[in-house]
Amino acid sequence: MKIITCIKQVPDSEAKVKADSGRDALATVLKLTRTPDSEAKVKTDAGQVTWGDAPLVINPFDEYAVEGALQQKEAIDGSTVTALCIGPNSAKDVLKHALAMGADEAVLISDPALKEIDSVGAALILTVAIKKIGDADMVVFGRQTLDNGSGLTSAHVARILGLPLLGLAGQVKVQDGTVTIERVTEEDRQTISAKMPVVMSVVQSIGEPRYPSFMGIRKASKVNISVWSLGDLGIEAPAAIVTRTDLMNPLVDETKVEMIACETPEAIAEALVEKILAEKVL
Amino acid sequence: MKTFVYVDHFKGEIQPASWEAIGLGKTLGSVSAVVFGLGVDAIAKAAFEHGAGEVFVADDSSLEDFRAEPYASTLSVLASSQSPDLILFPITARTRELAAMCAVDLNTGVLTDITAVEIDGDKIIATRPIYEGKVLEKTVCSGKPVMVSIRARFFPKPEPDVSKSGTTTKVEVKSDALTTIEGYSASKSTVNLGDASVIISGGRGVSNNPSLTPPDDMEETDAEIWRAHQGFALIGDLADLLGGAVGASRAAVDGGYIPYAHQVGQTGKVVTPDLYIAAGISGAIQHLVGMRNAKVIVAINKDADAPIFSIARYGVVGDLFKVIPALTAEFKKKLEK
């Protein structure tokens, strides 16, 4: 079975992202701050974000995608996993992470022309790359990205390829060319199946992502990551239909915490309930 | 502006944010609701009552359960023939897939997880939180129709008026499903955190009640879960009393204390209730990004240095197993008055 998993590089959760109020018409400046005294500047130039020296990691949701892909590789002899990523050169790091976890091959799509892409544009590029890699039985996505968080790309890709979408898979089983998943939504769990090839998105019930092993890291360092330009894919940069017009900082609630300290739980409850009722939120 | 609102439901249970979407649509012009499923007359009726001027209905056995492909094809055909300027969706797992597929069909885009909408001439500018809510971005869509998925509880819900009715138009059904639904296993505790105005959440600390003695022959992991279930029962009592939902931190979900559907945070649900009570949750950043926009946050934790206190309005350093039942008793007393 041939599995492709699509992953993305994102700034770490711990990073403090702030929109700079002093912006101009051409470039909007984001500040990425790890600690108050070491500020990494993140710049968006026509929608393309660069991260400065902010810590960058594999999108945490995509680690589950890699884990889900590797589980299927282990379940079916002779399977391979190819990790696929759109990003700048630095995104090779997340591909190395996927390789170290156990992926066999990695492809980076990188092109200076990729300044401003939206989710449909990203999906278009991915589908061309998926076809170029060829013969995929299963394309695995994480549920969403941490940075943009739209969670749309897997469904775009399924639609463009005309393949079944098995969304939000918590468990996956492959038998006789049919993929059966347990779909995890708010309301319930559904068992859904489709004939391969399929596009899938996975959620965390798939299981904790494995840590890269020492052997895996050594192996990853030897794998040659293919880098494809848009020319290699034979396409132009897709025009963005969805664009950002502004960045703002959310209003910060500066209220300091008010500690309720009383002798007994009953006294605490009395004081706290009075405060909560005064907030008129019930 | 000609606006369609897709009314999302699960087995007839309507996602309340669908009505918030109708409310938003009515501030922009005329609203037509779109209802898909099998036996959905009651949903169409409710759509009129909540302000839809007309309702497009696809009522067909092939649409009994939500499946992205036939729902998207049916909606895309309808949108192509009716040419709305805007299609609004309440954001759910289903509509995320539905809108994403229609965007491909209709050569347009989706503005998703929207918390505010403004109109500039004929342009729709939508605001959404990104980078886990650390920054807000304003986005526009140059395609037509513009598709906007709204987060629950950010737009006012119209009051239903049962006297309202209108014309229902049948829609051509496209049955091009590529997946088969083999079965459902309804989770024991259904929860809708997105729409809850009150959420009481428990974390790792919920399993630490020292006054409980598990049965002798119980394994250690089972005993931990056994303790946690009793802790969550206390939280459930308070949630029931306040008409709220029970949430959980990832640690509690990973520990097997409570199903994933309850998880608040980065890999769970982002929530914005009016009142959020965090009990036995230390407040890892991954949890905070999921609940920090709640109106009033109350934290109860044994550890005075727990990060959760840094974003709370009110804090209690104490034993949740004593404080939560005391709160339930006190609320009962006050709310009965």
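## Two crossing helices in chain A

In this predicted model, helix α2 (residues 92-101) of chain A meets helix α5 (residues 214-222) of chain A, with their axes coming within 7 Å and crossing at roughly 130 degrees. That angle lies outside the bands for roughly parallel, antiparallel or perpendicular pairs, so α2(A) and α5(A) count as oblique to each other. The crossing of α2(A) past α5(A) is right-handed.

Who does the touching? On the α2(A) side it's A:Lys96, A:Leu99, A:Ala100 and A:Met101, and α5(A) answers with A:Gly216, A:Ile217, A:Lys219 and A:Ala220. Sorted by character, the residues of this contact come out as 5 nonpolar, 1 polar and 2 charged.

## Where chain A meets chain B

The contact between the chains draws on 70 residues from chain A and 72 residues from chain B. On the chain B side, helix α8 (residues 320-336) of chain B supplies the largest share, with 8 residues. That side of chain B splits into 39 nonpolar, 19 polar and 14 charged residues.

There's a strand link across the chains too: strand β17 (residues 258-259) of chain A runs parallel to strand β18 (residues 314-317) of chain B, and 2 bridges join them. For A:Glu258, the bridge partner in β18(B) is B:Tyr314.

## How far to trust chain A

Chain A has an average pLDDT of 85, and 84% of its residues score at least 70. Among its elements, helix α4 (residues 153-161) of chain A has the highest mean pLDDT at 98, while strand β4 (residues 27-35) of chain A has the lowest at 31.

Go carefully around residues 21-50 of chain A, where pLDDT stays under 50. For that stretch, the model still has 64 contacts beyond four places in sequence.

Conventions:
Residues numbered from 1 in each chain as written. Chains lettered and ligands numbered in written order. Predicted model: local features only at pLDDT ≥ 70, side-chain atom pairs only at ≥ 80, totals over all residues. pLDDT = per-residue confidence, 0-100. Helix = DSSP H or I, 4+ residues; strand = E, 2+ residues; numbered from the N terminus. Contact = placed C-beta atoms within 7 Å. Nonpolar A, V, L, I, M, F, W, Y, C, P; charged D, E, K, R; others polar. Pairing = 2+ DSSP bridges. Axes fitted to C-alpha atoms, helices over the stretch in contact; angles between N-to-C directions. Parallel < 35°, antiparallel > 145°, perpendicular 65-115°, else oblique. Left-handed = near helix turned anticlockwise from the far one by under 90°.
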